[in-house]
Number of protein chains: 2
Amino acid sequence: MKRIKVSNNVIRRLPRYLRKLDELKACGVSRISSFNLGTQLGLTPSQIRQDFSCFGEFGQQGYGYNVSALRDEIASILGMDRGFKAVLIGVGNIGRALMDNFCFSEWGFELAAAFDIDPAVVGTSPNGVPVRSMDELLDFLRGNRIDVAVLTVPKEAAIAVAKLLCDNGINAIWNFTNVELTEPNSPTIVENVHFSDSLLSLGYYVAERYDEEAAHAARLARSEKGKD
Amino acid sequence: MKRIKVSNNVIRRLPRYLRKLDELKACGVSRISSFNLGTQLGLTPSQIRQDFSCFGEFGQQGYGYNVSALRDEIASILGMDRGFKAVLIGVGNIGRALMDNFCFSEWGFELAAAFDIDPAVVGTSPNGVPVRSMDELLDFLRGNRIDVAVLTVPKEAAIAVAKLLCDNGINAIWNFTNVELTEPNSPTIVENVHFSDSLLSLGYYVAERYDEEAAHAARLARSEKGKD
DNA sequence: GTTATATTGAGAAAAGAATCACAATCGCTC
DNA sequence: GAGCGATTGTGATTCTTTTCTCAATATAAC
């Protein structure tokens, strides 16, 4: 697989392609054209072809793409076949909800263990994943090759825990805290899930639409008045 | 406030600005320059000034921006002062976790009610929000001006429920299901929270880093061999 | 007051991303 | 097996976003 520098925009679209291809496969569709895929995803055919071409040639002229083969290529590009191992830090509400409901293995990740300071949850094993004491974290990281930490601690603890993780060999954090972890010069890969950012963006679009509708109504009212 | 067409990229940065400004305000910082803000967020000063200039002139030459005033401007741009009302559909694990932990009011939203088909949760009021039967949903939507629906139903039900919502006056959906809701020609505003997409993107970056490290190590090994 | 320093806002330039257009070529039909 | 219709991959073009640059101007010091 080529590893040229690929733009973030392309990378953000890859999981959507994967999801759609899985769906098509489940529906028994075995081949698809960039045109057809574009229609289903709201993207242009050329964008899709351009995206794929960053990683190789997966299609056939006059035919399109083989759904199953393309799906596997994208899965591989995303590292789903590498068996990444993860730990989860902070078994509070969101951490617990992830452990109970998010299927890490479906996406190629193995959740090896969770950690918390609360003795009430330490020793339990939600969904088969053991919850250990934070005291054991460093030993665990030393003894296991862990690729990713899922950060679900309260925001007060976020910075300190993130630093601890980075200092002990973790180089990627899936950050669910509402805190900006991105530090200048830090080599750590941080992927944020900021619910509030998402909701606020939605708020912007709603506000924009309401303003447009109001402006439209005002124009109508003026033109009605003009007629009288 | 101007409502010119603003790019998505800008809009996605606004919540980050807001968060950082709130933090600065809490730390007693009352003024800040675009240079300083850029350093803290990993953005260039000119990008920050350009972003703000989409909405007006909030700074003062030679001085910078007033943290509190800027924060309020951005909050207003995002519609936080409009009292948007929301309903939540699907009080399963993720729905319940949001009700219990996500502070809608902190972001200017009011969660008016939740809906579910399960009689076991109907009638309860997690965090003070009443859970009603899905049978009551349409009446509720008719009787209340609801701006946003939070969609946390199982993925099998996602499409049908989304359609029901759109057909009954909801024009914005905060989508937590792992399903592509974006329909061609639909005027509904959809904001997706796809955990798996986020994790897979992270996986890409991790895989990329590992490949780079391996390539680097291979280069080193070759040059060592050359020396012998 | 006057001057020095800091910093914005905005137009111009550069960089980056999306779209277009078409040669190459594959599968399918007759 | 020849010709047709479909569809890719890619280089060229267009559009968008980011960065650069600098005149304008506010504060702060003296």
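These are my notebook entries on a predicted model of two protein chains with DNA strands C and D.

**Entry 1: how the two chains relate**

I began by laying chain A on chain B. The fit takes a turn of 180° and a shift of 0.0 Å along the axis, and the RMSD is 0.0 Å. The two copies are thus related as by a two-fold rotation axis. I then looked up which C-alpha of chain A is nearest that axis. It belongs to Ala97(A), at 3.4 Å from the axis.

Next I compared the interface residues. Of those in chain A, 100% are also interface residues in chain B, so the copies meet through the same surface.

**Entry 2: DNA strand D**

I moved on to the DNA, starting with strand D. I found 27 residues around DNA strand D. The ones that come nearest are Ser34(A), Arg49(A), Tyr65(A), Thr44(B) and Gln61(B), so I noted names from both chains.

Which part of strand D lies within 4 Å of the protein, sugar and phosphate or bases? Sugar or phosphate holds 66% of those atoms, and the rest belong to bases.

I wrote down three polar contacts one by one. Arg49(A) places a polar side-chain atom 2.8 Å from a base nitrogen of DNA strand D. Glu57(A) has a side-chain N or O atom 3.0 Å from a phosphate oxygen of that strand. For Phe58(A) the backbone is what counts: a polar backbone atom lies 3.3 Å from a phosphate oxygen of DNA strand D.

Then I asked which elements supply at least two residues each to the surface near DNA strand D. From chain A they are α3 (45-53), β2 (59-60) and β3 (64-66), and from chain B they are α1 (8-26) and α3 (45-53). The element that gives the most is α3(B), with four residues. By class I logged 18 polar, five charged and four nonpolar residues on this surface.

**Entry 3: DNA strand C**

I repeated the search for strand C. Here I found 25 residues around the strand, and Thr44(A), Gln61(A), Ser34(B), Gln61(B) and Tyr65(B) come nearest. Of the atoms of DNA strand C that come within 4 Å of the protein, 68% are in sugar and phosphate.

Again I noted three contacts. Arg13(A) has a polar side-chain atom 3.1 Å from a phosphate oxygen of DNA strand C. Gln61(A) brings a side-chain N or O atom to 2.5 Å from a sugar or linking oxygen of DNA strand C. Gly62(B) uses a polar backbone atom, which is 3.0 Å from a base oxygen of DNA strand C.

The elements giving two or more residues to this surface are α1 (8-26) and α3 of chain A, together with α3, β2 (59-60) and β3 (64-66) of chain B. The largest share, four residues, comes from α3(A). I sorted the residues near DNA strand C into 17 polar, four charged and four nonpolar.

**Entry 4: the three-stranded sheet of chain A**

I then turned to the sheets. In chain A, three strands make an open antiparallel sheet in the order β1-β3-β2. β1 (31-32) and β2 stand at the edges with a single partner strand each, so one side of each is left without a neighbour in the sheet. I counted two bridges between β1(A) and β3(A). Arg31(A) has Asn66(A) in β3(A) as its bridge partner.

What lies across this sheet? I found helix α4 (residues 67-77) of chain A across β1 and β3, running at about 75° to β3(A).

**Entry 5: the six-stranded sheet of chain B**

My last look was at chain B. Its open sheet of six strands pairs in parallel, in the order β6-β5-β4-β7-β8-β9. At the edges I found β6 (131-133) and β9 (189-192), each with a single partner strand, so one side of each has no neighbour in the sheet. From one strand to the next, the twist averages 25°.

I followed the pairing of β8 (residues 172-175) with β9(B): the two run parallel and are joined by four bridges. Ile173(B) stands opposite Val190(B) in β9(B). Helix α7 (residues 155-167) of chain B packs on the sheet, where I saw it touch β4 (84-89), β7 (148-151) and β8. The direction of α7 makes about 170° with that of β7(B).

Methods. Residues numbered from 1 in each chain as written. Chains lettered and ligands numbered in written order. Predicted model: local features only at pLDDT ≥ 70, side-chain atom pairs only at ≥ 80, totals over all residues. Heavy atoms only, no water. Near = heavy atom within 4 Å. Polar contact = N/O pair within 3.5 Å; in protein donor to acceptor, adjacent residues only side chain to side chain. Nonpolar A, V, L, I, M, F, W, Y, C, P; charged D, E, K, R; others polar. Pairing = 2+ DSSP bridges. Axes fitted to C-alpha atoms, helices over the stretch in contact; angles between N-to-C directions. Contact = heavy atoms within 4.5 Å. Least-squares fit on C-alpha atoms with pLDDT ≥ 70 in both.
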